[in-house]
Amino acid sequence: MSVRSNRVHALAAATALVLASTVAGSAFAAERVNLSGLQTAAKFDRFIVKYRDGSVERSSAASVQSALSTAATASAGKVKGKAALGLKHLRRTAIGADVVRADRALDRAEAESLMRQIAADPNVDFVEVDVRRHALLTPNDTHYGVQYGFNGANGGMRVDQAWDVSTGSGAVVAVLDTGITPHSDLNANILPGYDFITDTFVSRDGDGRDSNPNDEGDWNNATECDQPGYDVDASDSSWHGTHVAGTVAAVTNNAKGVAGTAFNAKVVPVRVLGRCGGYDSDISDAIVWASGGSVSGIPANANPAEVINLSLGGGGACPSSYQTAINGAVGRGTTIVVAAGNESANVSTSTPANCANVIAVAATTSAGAKAGFSNYGTGIDVSAPGDQIASTHNGGTTTQGAEQYVYMSGTSMASPHVAGVVALLQSKATTPKTPAEIETLLKNTARALPGACSGGCGAGIVNAKAALDALGGGTPPTGVQTYTNGTDVAIRDNATVESSIAVSGRTGNAPSNASISVNIVHTYKGDLKVDLVAPDGTLYNIHNRTGSGTDNVVGTFTKNLSSETLNGTWKLRVNDNASQDTGRIDTWSITF
């Protein structure tokens with residue numbers, strides 16, 4: 001019995017030894033694989049493999065090739081449905097590592113399988129992706145440090161990250177505004193424009209329409225701009241168009257002045273505003289011309305714009321002249337970006353932001369909150385930096401003086417930020433995106449405002465890097481991301497409806513401070529119960545029949561979702577528990 005017992009113990013000890021050896025071998029192999037490079041792209045074909053000193057592979061390229069071929073053959077059968085794989089030795093580096101290339105692009109699963117198979121060879125010291133790096137552009141413009149709109153913090157649009165993917169080359173932005181003044185930080189990016197002002201009082205240049213979009217100054221004396229019931233004080237020239245154009249495409253990385261959002265794009269300046277403003281008839285003609293349409297008596301625009309910026313507006317419903325011109329421009333493929341207005345009122349009262357087929361832009365502060373002056377409401381599409389924006393300007397009080405840089409605030413400053421991002425997108429797109437596709441990209445990739453917004457700020461702050469990633473122009477975004485559903489869902493009496501957002505390609509669980517932004521239009525919020533539904537069906541309440549007869553459920557809510565996996569279908573569920581009042585889920589987003 002004792003002998004049998006010893007034998008049993010001996011076998012157990014031997015088995016334990018073998019298991020320990022196997023575990024140790026796997027652990028060592030895992031240590032030899034650096035998978036971090038798999039986060040830098042979607043496809044991979046180059047790898048760096050270093051064999052240990054004294055190994056047979058270090059002695060000859062033929063031995064390296066043989067080892068790689070063995071690993072490739074073993075790896076090919078581990079990922080179902082994938083074709084056979086070949087590896088070629090390219091060269092040996094100065095540190096003694098070997099650069100190898102696959103005969104086809106591998107997705108992440110294939111690449112990881114291959115790397116682990118290579119590392120299973122005990123002679124391998126390490127294996128990693130041969131990552132393609134890009135220059136990280138930080139402009140040296142002297143005032144770049146105060147241009148918070150370009151960074152990734154708080155109110156910024158993460159344009160600084162987008163510049164490594166696109167700078168706007170080849171894209172054209174038409175700025176319909178007060179015209180342009182000469183400026184050394186802007187001149188190189190200005191294309192021939194046009195003056196569309198027909199009224200000589202407004203134009204101040206003594207003639208009608210012509211090919212000179214020079215800003216003659218929009219100053220006015222007391223009473224000369226007055227209209228019945230509308231008194232206008234005397235004011236200096238704004239040089240508004242020059243400031244807007246600089247935000248779009250100021251010359252960048254030239255060790256002076258400011259940077260532009262799409263600094264390798266070009267601007268077509270179109271003068272439509274002068275003394276006391278500008279007329280709808282001139283503005284609508286300019287929209288047609290700038291987008292490549294035909295205007296009687298005016299030479300064709302040699303540089304039709306991918307995007308038109310309209311940092312202008314007034315009250316009332318959208319005029320038919322605007323809507324017709326806008327529809328034509330959109331039909332020609334031009335995206336129309338419009339300032340929401342500065343009345344701290346619902347954007348539904350501001351034209352042309354309340355027109356159809358435009359991207360209406362609210363203004364945010366450096367803290368990422370809605371600017372106090374900005375219009376708001378369900379008609380807002382996205383938000384962008386618009387408070388204390390530094391850009392190109394002119395020093396003249398009335399007529400032009402020396403060039404300068406100034407801070408200006410308004411939704412007029414937010415809109416050109418977005419127009420510039422559109423230029424970045426169209427510049428990178430393999431085929432031009434339609435205006436509808438551009439709007440969807442901007443909305444689906446916008447991030448929730450980190451600051452407060454009462455009344456509705458659209459899908460959130462434009463995220464230039466995420467929009468380019470969604471276009472296919474860069475590596476998939478990591479870290480915090482915003483997912484948005486902007487499709488209207490009708491809320492009927494005594495009914496429950498849902499709006500879904502699918503999340504994929506993420507790992508791990510949601511955070512403890514996930515942000516859910518909701519814009520529900522309803523005439524009696526006390527009827528409504530609103531829940532976030534996690535992929536596993538768990539409910540997180542957002543609103544539970546409070547507020548009595550007040551309108552709408554609008555706001556951003558923080559929830560602890562740390563027990564939920566990120567991937568899956570998230571839903572916003574709205575239950576109407578009474579008769580008479582109805583509404584819709586206008587838009588909602590989740591950020592984690």
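## Helices H9 and H11

H9 and H11 are roughly parallel to each other. The assignment follows from the crossing angle: the axes of H9 and H11 (residues 464-471) cross at roughly 25 degrees, and angles under 35 degrees count as roughly parallel. These axes come within 10 Å, and the crossing is right-handed. The model described here is predicted.

On the H9 side, the contact is formed by Val421, Leu424, Leu425 and Lys428. Their counterparts in H11 are Ala464, Ala467, Leu468 and Leu471. By residue class, this contact comprises 7 nonpolar residues, no polar residue and 1 charged residue.

## Overall composition

The chain has 592 residues, of which 50% count as buried. Its secondary structure consists of 11 helices and 25 strands. Among contacts with a separation of 6 or more, 72% are between residues 24 or more positions apart.

## The parallel sheet

Seven strands form an open sheet with parallel pairing, in the order S7-S8-S6-S9-S11-S13-S14. S7 and S14 (382-385) are the edge strands, each pairing on one side only. Helix H10 (residues 435-445) packs on this sheet, where it touches S11, S13 and S14. The direction of H10 makes about 30 degrees with that of S13.

Within the sheet, S9 and S11 (residues 335-339) run parallel and are joined by 4 bridges. One residue pair illustrates the register: Leu310 has Val338 in S11 as its bridge partner.

## Thr364 in strand S13

How accessible is Thr364? This residue lies in S13 (residues 359-364). Thr364 counts as buried because its relative accessibility is 0%, against a cut-off of under 20%.

Beyond its neighbours within four places in sequence, Thr364 contacts residues from several parts of the numbering. They are Tyr148 and Gly155, then Ala369, Lys370 and Ala371, followed by Ser383, Ala384, Pro385, Gly386 and Asp387, and finally Leu449 and Ile461.

## Two enclosed helices

Helix H6 (residues 240-249) is largely enclosed by the rest of the structure, because 10 of its 10 residues are buried. These buried residues are His240, Gly241, Thr242, His243, Val244, Ala245, Gly246, Thr247, Val248 and Ala249. The elements covering them include strands S6 (172-177), S8 (266-271), S9 (307-310), S15 (389-394) and S16 (403-408), together with helix H9 (411-428).

Helix H7 (residues 280-290) is likewise largely enclosed by the rest of the structure, since 8 of its 11 residues are buried. The buried positions are Asp282, Ile283, Ser284, Ala286, Ile287, Val288, Trp289 and Ala290. Their cover includes strands S6, S7 (194-195), S8 and S9, as well as helix H8 (320-331). Just after H7, Gly292 adopts a positive phi of about 100 degrees.

## Strand S2 and its partners

S2 (residues 44-51) is mostly covered, with 6 of its 8 residues buried. Its pairing with S4 (residues 98-106) is antiparallel and extends over 5 bridges. In this pairing, Phe44 stands opposite Leu106 in S4.

S2 also runs antiparallel to S5 (residues 124-129), to which 5 bridges join it. Here the bridge partner of Ile48 is Glu128 in S5.

## The antiparallel sheet

Which strands make up the open sheet with antiparallel pairing? This sheet has 4 strands in the order S19-S24-S21-S22. S19 (496-503) and S22 (539-544) form its edges, each pairing on one side only. On average, neighbouring strands of the sheet are turned by 15 degrees against each other, with direction ignored.

The edge strand S19 pairs with S24 (residues 568-576) in the antiparallel sense over 8 bridges. Within this pairing, Ser500 stands opposite Lys571 in S24. In general, strands of a sheet pair through backbone hydrogen bonds, in either a parallel or an antiparallel manner.

Terms used. Residues are numbered from 1 along each chain as its sequence is written. This is a predicted model: local features need pLDDT of at least 70, side-chain atom pairs count only at pLDDT 80 or more; totals for chains, interfaces and linings use all residues. Side-chain values use heavy atoms; hydrogens and water are left out. Two strands pair if DSSP finds at least two bridges between them. Helices (H or I, at least four residues) and strands (E, at least two) are DSSP runs, numbered from the N terminus. Axes are lines fitted to C-alpha atoms, for helices over the stretch in contact, and angles run from 0 to 180 degrees between N-to-C directions. Buried means under 20% relative accessible area, exposed over 50%, partly exposed in between (1.4 Å probe, protein chains only). Contact means heavy atoms within 4.5 Å. Angles under 35 degrees count as roughly parallel, over 145 as roughly antiparallel, 65 to 115 as roughly perpendicular and the rest as oblique. A crossing is left-handed if the near helix is turned anticlockwise from the far one by less than a right angle, and right-handed if clockwise. Ala, Val, Leu, Ile, Met, Phe, Trp, Tyr, Cys and Pro count as nonpolar, Asp, Glu, Lys and Arg as charged, and the others, Gly among them, as polar.
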